[in-house]
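Student: I have a protein model open in front of me and I would like to learn how to read it. Could we go through it together, one question at a time?

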Amino acid sequence: MTRIDLSPFRAMTVGFDSLFNDLADIRPNSYPPYNIEKVDDHKYKLTFAVAGFSEKDITVKQKENTLSIIGEVKYNEDKEYLHKGIAERAFTQTFKLAEYMNVTNAKLKNGLLDIDLVQELPKEKQPREIKIN
């Protein structure tokens with residue numbers, strides 16, 4: 001695994017310690033495979049390939065600026081497989097979300113879990129023009 005030295009950037013920032021700590025601790029988790037799509041400047045879509053999972057097997061949680069997707073299949077012990085190629089293994093994926101980012105929708109269709117996100121800036125945080133006197 002490649003480590004990136006972020007220490008030179010710390011000298012140019014104040015108050016971003018947690019950001020640099022989070023970046024240093026990134027460990028890619030590739031299961032289940034997923035896409036991150038930028039729909040527009042304030043909307044994003046996460047798509048997870050979750051073959052074999054149903055709505056009752058997946059939990060999507062947002063707590064403050066952390067999004068967690070947890071999957072756990074309840075196995076049917078009565079089945080005898082001659083070949084089992086669909087993983088269906090338990091997983092947890094977590095994402096740090098930008099400030100004011102919220103999950104607006106989650107749906108499972110044809111083995112794909114889509115999670116829609118939108119960044120909703122409060123009016124006081126939106127850009128405004130300042131009149132020059």
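Tutor: Gladly! Let us begin at a loop: Glu 64 sits between β3 (58-63) and β4. Keep in mind that this is a predicted model.

Student: What is the sign of phi at Glu 64, and near what value is phi?

Tutor: Glu 64 belongs to the hairpin of β3 and β4, which has two residues between the strands. Glu 64 is not a glycine, and still its phi is positive, near 55°.

Student: Is Glu 64 buried or exposed?

Tutor: Exposed means a relative accessible area over 50%. Glu 64 has 68%, so the residue counts as exposed.

Student: Which other loop residue has a positive phi although it is not a glycine?

Tutor: Look at the loop between β6 and β7. The residue there has a relative accessibility of 71% and counts as exposed. Its phi is about 55°, and the residue is Asn 110.

Student: Let me step back to the whole chain. How many helices and strands does the protein have?

Tutor: Follow the chain from the N terminus: the elements run α-α-β-β-β-β-β-β-β. That comes to two helices and seven strands.

Student: In which element is confidence lowest?

Tutor: The mean pLDDT of the protein is 83, and 79% of its residues reach 70 or more. Strand β3 has the highest confidence, at 96. At the other end, with a mean of 58, is helix α2 (residues 17-24).

Student: What is the strand order in the open sheet of four strands?

Tutor: The strands at the edges are β1 (34-40) and β6 (101-109), each with a single partner strand, so one side of each has no neighbour in the sheet. Neighbouring strands are turned by 20° against each other on average, direction ignored. The pairing is antiparallel, and the order is β1-β2-β7-β6.

Student: How many bridges join β2 to β7?

Tutor: You can pick out one pair for yourself: Thr 47 has Asp 114 in β7 as its bridge partner. The two strands run antiparallel, and the number of bridges joining them is seven.

Student: Which residue forms a salt bridge with Lys 45?

Tutor: The count for this model comes to one salt bridge. Its closest N and O atoms are 4.0 Å apart, and the partner of Lys 45 is Asp 116.

Student: Why does that pair tie together parts that are apart in sequence?

Tutor: Asp 116 lies in strand β7 (residues 112-119) and Lys 45 in strand β2 (residues 43-49), so the pair links parts whose separation in sequence is 71 residues.
Lys 45 itself counts as partly exposed, with a relative accessibility of 22%. To come back to what you asked, the strands that hold the pair are β7 and β2.

Student: Which strand gives the most residues to the largest nonpolar core?

Tutor: This core has 16 residues, and Phe 48, Leu 67 and Ile 69 touch the most other members. Two or more residues come from each of β2, β4 (66-71), β5 (91-96) and β7. The strand that gives the most, with three residues, is β7.

Student: Which residues of the core are in contact with Ile 69, for example?

Tutor: Leave aside the neighbours of Ile 69 within four places in sequence. Its contacts then include Ile 58, Phe 91, Leu 113 and Ile 115, and one of the three residues that touch the most other core members is also among them. That residue is Phe 48.

Student: Is Ser 68 buried or exposed?

Tutor: Ser 68 lies in strand β4, and among its contacts beyond four places in sequence are Thr 59, Lys 61 and Gln 93. Buried means under 20% relative accessible area. Ser 68 has 16%, so it counts as buried.

Student: How far apart are the C-alpha atoms of Met 101 and Tyr 44?

Tutor: Met 101 is found in strand β6 and counts as buried, at 8% relative accessibility. Tyr 44 is one of the residues that Met 101 touches, and Leu 117 is another. Met 101 and Tyr 44 are 57 residues apart along the chain, and their C-alpha atoms are separated by 9.6 Å.

Note on methods:
Residues numbered from 1 in each chain as written. Predicted model: local features only at pLDDT ≥ 70, side-chain atom pairs only at ≥ 80, totals over all residues. Heavy atoms only, no water. Salt bridge = Lys/Arg side-chain N within 4 Å of Asp/Glu carboxyl O. Buried < 20%, exposed > 50% of the residue type's maximum accessible area, 1.4 Å probe, protein only. Pairing = 2+ DSSP bridges. Axes fitted to C-alpha atoms, helices over the stretch in contact; angles between N-to-C directions. Core = buried A, V, L, I, M, F, W, Y, C linked by side-chain atoms within 4.5 Å. Contact = heavy atoms within 4.5 Å. pLDDT = per-residue confidence, 0-100.
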